[in-house]
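Biologist: Thanks for sharing this one. I would like a close look at a single part of it, and I'd be glad if you took your time over the surroundings too.

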Amino acid sequence: MPGWQHFYAQRRSDNFELISVAMEHTGGDAARPFVEQAHPTFPTVVDEHGVTSTLLGFKAVPNGVLVDEDGVIRWAKYGGFSIDKPEDVEVVERFLRGEDPGPSPVQDVPYTLGPLERELVDSKLRLGRLLDSLNRREEAVTEWQAALRLDPENLVIRKQVWAAEHPEKFHPTIDWDWQREQLKQERENEIAAGVCGPDGSPVPWA
Amino acid sequence: MSQYPNTLQRKKGTDMHNVELTDQAGQPWQLAGALLRGAVVLVFYRGDW
């Protein structure tokens, strides 16, 4: 976030807005410590219900999405978008100069859900969030794990399960090494078992 | 599972005016309001970044 704050401060006079979207299913409280630490002058909003991941179909963060003044998406990068990557910054600067940002990076995924599968995943995510809000976490995790079995490449869902089961790995600081090892271990287990969850859905890429 | 064309490419051109989220205070926030100033760069993240 500090890098984007520097970028924003340098271009404050330009006619654009930089907005960070926190994908936090538990609401703004989870994002607040990080926001307060960085003191950004650009707005931070919270996507508590996965509205944008459903609309845009992304399965991982951090993402960058460039929206023109007519409200139309001109470029998007799902996963790995960073102020520390010169190629990402160059695209944003080109876009802000009014130039064509070019083609969006190809999203390399082994499958894409059909409309009914997508609806089922979204329903299970919403049900999980409702259960979680009622302090029925165990049942919430069961729903999220069911959603993950349908959409096993979706790191937004996978991290939601992790955050529920291992909150100490996310707050007050995020243990990135643990996440990398956990992902590696879970995928190895899923591929070895030929399933992506305990109920036995096939792993599409194995 | 079904095989469909690249999701991201299909989303290019999506109208974002009606996207409604919440601000840090839990109040409704609409992307349409930000677009009054011009183009918008959205950065999605989770936790620290």
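To get my bearings, in what order do the elements of chain B run from the N terminus on? Then please zoom in on strand E3 of chain A: how many of its residues are buried, and which strands does the sheet place around it?

Modeller: Happy to, with the reminder that this is a predicted model. Chain B runs α-β-β-α-β from its N terminus, which gives two helices and three strands. Its partner, chain A, has eight helices and four strands, in the order α-β-α-β-α-β-β-α-α-α-α-α. Of the 206 residues in chain A, 51% are buried, while for the 49 residues of chain B the share is 41%.

Now to your strand. All five residues of E3(A) are buried: five of five. In a regular strand, side chains alternate between the two faces of the sheet. Here A:Asn63, A:Val65 and A:Val67 lie on one side, A:Gly64 and A:Leu66 lie on the other, and both faces are covered.

The sheet itself draws on both chains. Seven strands line up as E4(A)-E3(A)-E3(B)-E1(A)-E2(A)-E1(B)-E2(B), forming an open sheet with mixed pairing. E4 of chain A and strand E2 (28-30) of chain B have a single partner strand each and stand at the edges, so one side of each has no neighbour in the sheet. On average, with direction ignored, neighbouring strands are turned by 35 degrees against each other.

Your strand therefore sits between E4(A) and E3(B) in that order, since the sheet runs E4(A)-E3(A)-E3(B) before going on to E1(A). Towards E4(A), the pairing is antiparallel and uses four bridges. Two facing pairs help to trace it: A:Val67 has A:Ile73 as its bridge partner, and A:Leu66 stands opposite A:Trp75. The two strands form a hairpin with five residues between them, and in the turn A:Gly71 has a positive phi of about 85 degrees. Although E4(A) is an edge strand of the sheet, four of its five residues are buried, so the rest of the structure largely encloses it.

On the other flank you cross into chain B. E3(A) and E3(B) run antiparallel and are joined by five bridges. If you want a place to start looking, A:Asn63 stands opposite B:Phe44 there.

That crossing also leads into the largest nonpolar core, which has 23 residues; A:Ile19, A:Val65, B:Leu31, B:Leu42 and B:Phe44 touch the most other members. At least two residues of this core come from each of strand E1 (16-22), strand E3 (63-67) and strand E4 (73-77) of chain A, and from helix H2 (31-35) and strand E3 (39-45) of chain B. B:Leu42 shows how your strand takes part: leaving aside residues up to four places away in sequence, it touches A:Asn63, A:Gly64, A:Val65 and A:Val67, along with A:Ile19, A:Val21, B:Met16 and B:Leu31. There is also a second, separate core of 21 residues, which includes A:Tyr8, A:Phe16, B:Val41 and B:Tyr45.

Helix H1 (residues 2-10) of chain A belongs in the picture too. H1 lies across E1 of chain A and E3 of chain B, running at about 165 degrees to E1(A). A:Gln5 is a residue of this helix, and it is buried, with a relative accessible area of 14%. Its side chain reaches the backbone nitrogen of A:Thr41 at 2.7 Å. Besides A:Thr41, A:Gln5 touches A:His39, A:Pro40 and A:Phe42, not counting residues up to four places away in sequence.

One last stop is among the helices of chain A. Helix H7 (residues 155-165) is mostly covered, with nine of its 11 residues buried. Among them are A:Arg158, A:Lys159 and A:Trp162. The cover includes helix H5 (115-133), helix H6 (137-150) and helix H8 (176-193) of chain A. At the start of H7(A), a side-chain oxygen of A:Asn154 comes within 3.0 Å of the backbone nitrogen of A:Val156.

To come back to your request: E3(A) is covered on both faces, and it is paired antiparallel with E4(A) and with E3(B) of the other chain.

Definitions and conventions
Residues are numbered from 1 along each chain as its sequence is written. Chains are lettered from A and ligands numbered from 1 in the order in which they are written. This is a predicted model: local features need pLDDT of at least 70, side-chain atom pairs count only at pLDDT 80 or more; totals for chains, interfaces and linings use all residues. Side-chain values use heavy atoms; hydrogens and water are left out. A nonpolar core is a set of buried Ala, Val, Leu, Ile, Met, Phe, Trp, Tyr and Cys residues joined through side-chain atoms within 4.5 Å. Buried means under 20% relative accessible area, exposed over 50%, partly exposed in between (1.4 Å probe, protein chains only). Contact means heavy atoms within 4.5 Å. A polar contact is a pair of N or O atoms within 3.5 Å; within protein, one must be able to donate a hydrogen and the other to accept it, and residues adjacent in sequence count only if both atoms are side-chain atoms. Two strands pair if DSSP finds at least two bridges between them. Axes are lines fitted to C-alpha atoms, for helices over the stretch in contact, and angles run from 0 to 180 degrees between N-to-C directions.
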